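Hi,

Here is the structure I said I would pass on. Have a look at it first, and then read on for what I found in it.

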Amino acid sequence: MPGVELVWKDIKSVIPLRRTCKEATALMVAREDRTLYWADRVALRLHLLACKACPRFERQMLITQNCLKQWREYTEPD
Ligand SMILES: [Zn+2]
């Protein structure tokens, strides 16, 4: 069946972009300090679409960053 062959070929071409949760979290942390390579950005996006835990970690990171930003900018009212 040619359709199945085509889909299988597409899956194989995506496998180099596959990242583990450990790699995905490392990329999210690295993203704070530097711009990720194009392939890493795509791989991270794909992982976040397919994974349940890593989007939670990403949300928690954003909340933490937001809290730290507010803390840094906080001044005592006179
Ligand atoms: Zn994950």
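Going along the sequence, the protein chain reads α-α-α-α. That is four helices and zero strands. Bear in mind that this is a predicted model.

On confidence, the protein chain has a mean pLDDT of 87, with 81% of its residues at 70 or more. The low point is helix 1 (residues 2–14), where the mean is 59, while helix 2 has the highest value, 96. Where pLDDT is low, predicted coordinates should not be read in detail. With that in mind, I'd go easy on helix 1, which has the lowest confidence in the protein chain.

Now for the helix packing. Helix 2 (residues 21–30) packs with helix 4 (residues 53–73) at an angle of about 20°, and their axes are 10 Å apart. Because angles under 35 degrees count as roughly parallel, helix 2 is roughly parallel to helix 4. The crossing of helix 2 past helix 4 is right-handed.

Which residues in helix 2 and helix 4 meet? From helix 2 there are Cys-21, Ala-24, Thr-25 and Met-28, and from helix 4 there are Ala-53, Cys-54, Phe-57, Glu-58 and Met-61. Sorted by class, that contact of helix 2 with helix 4 has seven nonpolar residues, one polar and one charged.

Next, burial: of the 78 residues in the protein chain, 6% count as buried. One residue to click on is Ala-43, which is found in helix 3 (residues 38–50). Is Ala-43 buried or exposed? Ala-43 is buried, because 20 other C-beta atoms lie within 10 Å, and the cut-off for buried is 20 or more.

Leaving aside residues up to four places away in sequence, Ala-43 touches Leu-17 and Arg-19. You can also check Ala-43 against Glu-23: the two are 20 residues apart along the chain, and their C-alpha atoms are separated by 9.9 Å.

Cheers

How values were computed:
Residues numbered from 1 in each chain as written. Predicted model: local features only at pLDDT ≥ 70, side-chain atom pairs only at ≥ 80, totals over all residues. Axes fitted to C-alpha atoms, helices over the stretch in contact; angles between N-to-C directions. Helix = DSSP H or I, 4+ residues; strand = E, 2+ residues; numbered from the N terminus. Parallel < 35°, antiparallel > 145°, perpendicular 65-115°, else oblique. Left-handed = near helix turned anticlockwise from the far one by under 90°. Contact = placed C-beta atoms within 7 Å. Nonpolar A, V, L, I, M, F, W, Y, C, P; charged D, E, K, R; others polar. Buried ≥ 20, exposed ≤ 12 C-beta atoms within 10 Å, placed from the backbone. pLDDT = per-residue confidence, 0-100.
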